Amino acid sequence: MSKASNTPVVDALKQVLADTYALQIKTQNYHWNVEGPQFRSLHLMFEEQYKELFAAVDEVAERIRALGEHAPGSFKAFSELTKVSPPKDGIEGTAMVKDLLKSHELLSEQAKAALAVGEKAGDDSTVDLLTDRITYHDKTAWMLRATAA
């Protein structure tokens, strides 16, 4: 695969990277600021999630590098690319859960779109990476949905 043929794959991965980073920051913010009767369970759940997202950011960025491109790595670059809404201030735990749910559903859709680009390019490594991301976001969305019920 030539560098020129990597461009759509890399662009799709950059979107996933920016959205994953934004969701990691949002989740960590909610981890720090959650209050109320569900404090302990939500605090711990959000911590598990932001740590997993932190690792995912590295995996996606390294895939971009493996394809011969530079990964975006600044707040400015991520904020220009991301479709994930910023964290909301002063909301209660259930609202945080619902907000994170929307973001995980968005990430799943973004990863599915990127996976289609990787499949079209015949990039099995990217497809494998994105399949794992979709599985994670779908499972996390299910858990958040069940928590918010």
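Modeller: Before we start, contact here means heavy atoms within 4.5 Å. Also keep in mind that this is a predicted model.

Colleague: Fair enough. Leaving aside its neighbours within four places in sequence, which residues is Q24 in contact with?

Modeller: Start with where Q24 sits, which is helix 1. Once you skip the neighbours within four places in sequence, the residues that Q24 contacts are Y50, L53 and F54.

Colleague: And is Q24 buried or exposed?

Modeller: Buried means under 20% relative accessible area. Q24 has a relative accessible area of 6%, so Q24 is buried.

Colleague: What about I25, how does that one count by relative accessibility?

Modeller: I25 is in helix 1 too. The band between 20% and 50% is called partly exposed. With a relative accessibility of 31%, I25 therefore counts as partly exposed.

Colleague: How far apart in space are I25 and Y50, C-alpha to C-alpha?

Modeller: In sequence, I25 and Y50 are 25 residues apart. In space, their C-alpha to C-alpha distance is 7.4 Å.

Colleague: Now A22 and E47: what separates them in space?

Modeller: A22 is another residue of helix 1, and A22 is buried at 19% relative accessible area. Along the sequence, A22 and E47 are 25 residues apart. From C-alpha to C-alpha, the distance between A22 and E47 is 15 Å.

Colleague: Which residues does A22 touch, not counting those up to four places away in sequence?

Modeller: Drop the residues up to four places away in sequence, then look at what A22 still touches. That leaves T82 and V84.

Colleague: On to the rings. How is the aromatic pair of Y30 and F46 classed?

Modeller: A search of the whole structure turns up three aromatic pairs. For Y30 and F46, the centres are 6.4 Å apart and the planes make 50°. Planes under 30 degrees apart would be stacked and over 60 edge-to-face, so Y30 and F46 come out as tilted.

Colleague: Which helices does that pair link?

Modeller: Both Y30 and F46 are buried. They are 16 residues apart and belong to distant parts of the chain, with Y30 in helix 1 (residues 3-33) and F46 in helix 2.

Colleague: Which residues form one aromatic cluster?

Modeller: This cluster has F75 and F78 in it, along with a tyrosine. In full, the cluster is Y21, F75 and F78.

Colleague: Let's do helix packing. Is helix 2 roughly parallel or roughly antiparallel to helix 5?

Modeller: Helix 2 (residues 39-66) and helix 5 (residues 124-148) pack at about 165°, with axes 12 Å apart. Over 145 degrees counts as roughly antiparallel. That makes helix 2 roughly antiparallel to helix 5.

Colleague: How do the residues of that contact divide by class?

Modeller: The crossing of helix 2 and helix 5 is left-handed. Helix 2 brings residues including L42, E52 and R63, while helix 5 brings, among them, S125, Y136 and T147. By class, the contact of helix 2 with helix 5 has eight nonpolar, six polar and four charged residues.

Colleague: And helix 2 against helix 4, roughly parallel or antiparallel?

Modeller: The axes of helix 2 and helix 4 (residues 93-121) come within 12 Å and cross at roughly 25°. Angles under 35 degrees count as roughly parallel, so helix 2 is roughly parallel to helix 4.

Colleague: How many charged residues does the contact of helix 2 with helix 4 have?

Modeller: Helix 2 supplies L42, M45, F46, Q49 and L53, which meet G93, M96, V97, L100 and H104 of helix 4. Seven of the contact residues are nonpolar and three are polar. As for charged residues, the contact has no charged residues.

How values were computed:
Residues are numbered from 1 along each chain as its sequence is written. This is a predicted model: local features need pLDDT of at least 70, side-chain atom pairs count only at pLDDT 80 or more; totals for chains, interfaces and linings use all residues. Side-chain values use heavy atoms; hydrogens and water are left out. Axes are lines fitted to C-alpha atoms, for helices over the stretch in contact, and angles run from 0 to 180 degrees between N-to-C directions. Helices (H or I, at least four residues) and strands (E, at least two) are DSSP runs, numbered from the N terminus. Angles under 35 degrees count as roughly parallel, over 145 as roughly antiparallel, 65 to 115 as roughly perpendicular and the rest as oblique. A crossing is left-handed if the near helix is turned anticlockwise from the far one by less than a right angle, and right-handed if clockwise. Ala, Val, Leu, Ile, Met, Phe, Trp, Tyr, Cys and Pro count as nonpolar, Asp, Glu, Lys and Arg as charged, and the others, Gly among them, as polar. Rings of Phe, Tyr and Trp (its six-membered ring) pair if their centres lie within 6.5 Å; planes under 30 degrees apart count as stacked, over 60 as edge-to-face and the rest as tilted. Buried means under 20% relative accessible area, exposed over 50%, partly exposed in between (1.4 Å probe, protein chains only).
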